[in-house]
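Hi everyone, thanks for making time. Let me put the structure up on the screen, and then we can walk through it together.

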Amino acid sequence: MYTILIVDDSPMIVDVFVAMLERGGYKAITAFSGEECLETLRSAAPDLVLLDIMMEPMDGWETLEQIKADPEINKIPVLMLTAKPLTPDEADRYGPFIEDYILKPT
């Protein structure tokens, strides 16, 4: 069974993704901030991270940079969650570090 870490500061969005993933046969674990994501990645080894972009105080891009800078966790694939399509600048800057992005419900 694959484990997916869902990172979003909106409990409602997290609940939606947890329900969808568990229905699909995946194990879902959660974090509600960038810092909690980094802590969770050091104690659990998910197969994939779904990472929200717009979070405070550490946004998803900063969290992604810290994930990819850490040799212990930088091989874990990351999909970004966003309410809007990536800008060309975001795609150029971060595209090499993510698998893709998912538009989330607003």
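Let's start with Asp52 and Lys104, whose side chains meet in a salt bridge, at 2.9 Å from N to O. Asp52 sits in strand E3 and Lys104 in the segment after E5, so this pair ties together parts that are 52 residues apart in sequence. Please keep in mind that we are looking at a predicted model.

Are these two residues buried or exposed? Asp52 counts as buried because its relative accessibility is 2%. Lys104 is buried as well, with a relative accessible area of 12%. The cut-off here is simple: buried means under 20% relative accessible area.

Now stay with Lys104, please. Which other residue forms a salt bridge with Lys104? That is Asp8, and here the closest N and O atoms are 2.7 Å apart. This pair also links distant parts of the chain: Asp8 is in the loop between strand E1 (3-7) and H1, while Lys104 is in the segment after strand E5 (100-103), 96 residues away. Asp8 is buried, just as Lys104 is. Put together, Asp8, Asp52 and Lys104 are linked in a network of salt bridges.

How many salt bridges are there by this rule? The count comes to four. As a general reminder, side chains of opposite charge can pair when their charged atoms come close.

Another one of them joins Glu65 and Arg93, where the closest N and O atoms are 3.2 Å apart. Glu65 lies in helix H3 and Arg93 in helix H4 (residues 88-94), so that pair ties together parts 28 residues apart in sequence. What about their exposure? Glu65 is partly exposed, with a relative accessible area of 36%, and Arg93 is partly exposed too, at 48%.

Since H3 has come up, let's see how it packs. Helix H2 (residues 34-43) and helix H3 (residues 60-69) pack at an angle of about 25 degrees, and their axes are 9 Å apart. That makes H2 roughly parallel to H3, because angles under 35 degrees count as roughly parallel. As for handedness, H2 passes H3 in a right-handed crossing.

Now, if you follow the chain with me, please look for Pro57. Where is Pro57 found? Its place is the loop between strand E3 (48-52) and H3. The peptide bond that joins Glu56 and Pro57 is cis, with omega at about -5 degrees. For anyone new to this, most peptide bonds are trans.

Let's finish with helix H1. Pro11 is found in this helix, H1, and counts as partly exposed at 47% relative accessibility. If you would like a distance to look for on the screen, the C-alpha atoms of Pro11 and Gly60 are separated by 16 Å, and these two residues are 49 apart along the chain.

Met12 also has its place in H1, which covers residues 11-23. Is Met12 buried or exposed? Met12 counts as exposed, because its relative accessibility is 58% and the cut-off for exposed is over 50%. Which residues make a nonpolar surface patch with Met12? They are Val16 and Met20, and the patch is about 300 Å².

That's my tour, and I'm happy to go back to any of these spots with you.

Terms used. Residues numbered from 1 in each chain as written. Predicted model: local features only at pLDDT ≥ 70, side-chain atom pairs only at ≥ 80, totals over all residues. Heavy atoms only, no water. Patch = residues over 30% accessible without salt bridge, like charges linked within 9 Å, V, L, I, M, F, W, Y side chains within 5 Å. Areas by Shrake-Rupley, 256 points an atom, 1.4 Å probe, with all protein chains shown as cover. Helix = DSSP H or I, 4+ residues; strand = E, 2+ residues; numbered from the N terminus. Buried < 20%, exposed > 50% of the residue type's maximum accessible area, 1.4 Å probe, protein only. Axes fitted to C-alpha atoms, helices over the stretch in contact; angles between N-to-C directions. Parallel < 35°, antiparallel > 145°, perpendicular 65-115°, else oblique. Left-handed = near helix turned anticlockwise from the far one by under 90°.
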